[in-house]
Amino acid sequence: MLSLLDLSAAFDIVDHDTLLRRLQTSYGFDGIVIKWFISYFSGRVQYVRTPTTTSSRSPVAHGVPQRSVLGPILFLLYVADLLKLTKHHQLVPHAYADDNLRFLSAELCQLLS
């Protein structure tokens, strides 16, 4: 059995506070490194610009920057617990950035049915 989990828009929903907490507790980042990440997430805004007008700026409270080197890495660190949970339930996870696969062996499928 194969389960596909499409997280293509998930880069936009990463909660900064949860990610910072995970960086501290799961990966041991602290001090100046956490301060750098806080700075990295602070003050981000988004807006739409056309040739004739520009929308008002809105603060970005969630998400990791896309089309950046850090975006996919931070996202993977954010969802790493999902991979641990998958393994705990004897599934075989495969993940890259926003694509996640879950394999359930035929043997385990028979046990569950």
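**Exercise 1. The ring pair of W36 and F37**

At 45% relative accessibility, what does W36 count as, and what does F37 count as at 8%?

*Solution.* W36 falls in the partly exposed class, since its relative accessibility is 45%; buried means under 20% relative accessible area, exposed over 50% and partly exposed in between (1.4 Å probe, protein chains only). F37, at 8% relative accessibility, counts as buried. These values come from a predicted model, in which local features need pLDDT of at least 70 and side-chain atom pairs count only at pLDDT 80 or more, while totals for chains, interfaces and linings use all residues. Residues are numbered from 1 along each chain as its sequence is written, and side-chain values use heavy atoms, with hydrogens and water left out.

The next step places the two rings relative to each other. Six aromatic pairs are found when the whole structure is searched, and one of them joins W36 and F37 edge-to-face, with 5.0 Å from centre to centre and 80° between the planes. (Rings of Phe, Tyr and Trp, the last by its six-membered ring, pair if their centres lie within 6.5 Å; planes under 30 degrees apart are stacked, over 60 edge-to-face, the rest tilted.) Finally, W36 and F37 belong to a cluster that ring pairs build together with F29, Y40 and F41.

**Exercise 2. The overall layout**

How many helices and strands are there in the protein, and which pattern do they follow along the sequence?

*Solution.* The protein contains four helices and five strands, where helices (H or I, at least four residues) and strands (E, at least two) are DSSP runs numbered from the N terminus. Read along the sequence, these elements appear in the pattern β-α-α-β-β-α-β-β-α. Turning to burial, 28% of the 113 residues of the protein count as buried. As for contacts (heavy atoms within 4.5 Å), those between residues at least 6 apart in sequence can be sorted by separation, and 55% of them join residues at least 24 apart.

**Exercise 3. Helix α1 against helix α2**

Are α1 and α2 roughly parallel or antiparallel, and which residues make the contact?

*Solution.* Begin with the geometry: helix α1 (residues 16-25) packs with helix α2 (residues 32-41) at an angle of about 165°, and their axes are 11 Å apart. That angle makes α1 roughly antiparallel to α2. (Axes are lines fitted to C-alpha atoms, for helices over the stretch in contact, and angles run from 0 to 180 degrees between N-to-C directions; under 35 degrees is roughly parallel, over 145 roughly antiparallel, 65 to 115 roughly perpendicular, the rest oblique.) On the α1 side the contact is made by H16, L19, L20, L23 and Q24, and on the α2 side by I34, F37, I38 and F41. Sorted by class, the contact of α1 with α2 holds seven nonpolar, two polar and no charged residues; Ala, Val, Leu, Ile, Met, Phe, Trp, Tyr, Cys and Pro are nonpolar, Asp, Glu, Lys and Arg charged, and the others, Gly among them, polar.

I34 illustrates the α2 side. I34 lies in helix α2 and is buried, with a relative accessible area of 7%. Leaving aside neighbours within four places in sequence, I34 is in contact with L20, L23, Q24 and F29. The C-alpha atoms of I34 and L20 are separated by 7.0 Å, although the two residues are 14 apart along the chain.

**Exercise 4. Helix α1 against helix α3**

At what angle do α1 and α3 pack, and is R22 buried or exposed?

*Solution.* α1 and helix α3 (residues 70-88) pack at an angle of about 80°, with their axes 10 Å apart, and α1 and α3 are therefore roughly perpendicular to each other. T18, L19, R22 and L23 of α1 meet L74, L77, Y78 and D81 of α3 in this contact, whose residues divide into five nonpolar, one polar and two charged.

R22, which lies in helix α1, is buried, with a relative accessible area of 19%. Not counting residues up to four places away in sequence, R22 touches Y27, L77, Y78 and D81. The C-alpha atoms of R22 and L77 are 7.9 Å apart, while 55 residues separate the two along the chain.

Y78, placed in helix α3, is likewise buried, with a relative accessible area of 18%. Its contacts, again not counting residues up to four places away in sequence, are with I13, V14, D15, T18, L19 and R22. From Y78 to R22, 56 residues apart along the chain, the C-alpha separation is 7.1 Å.
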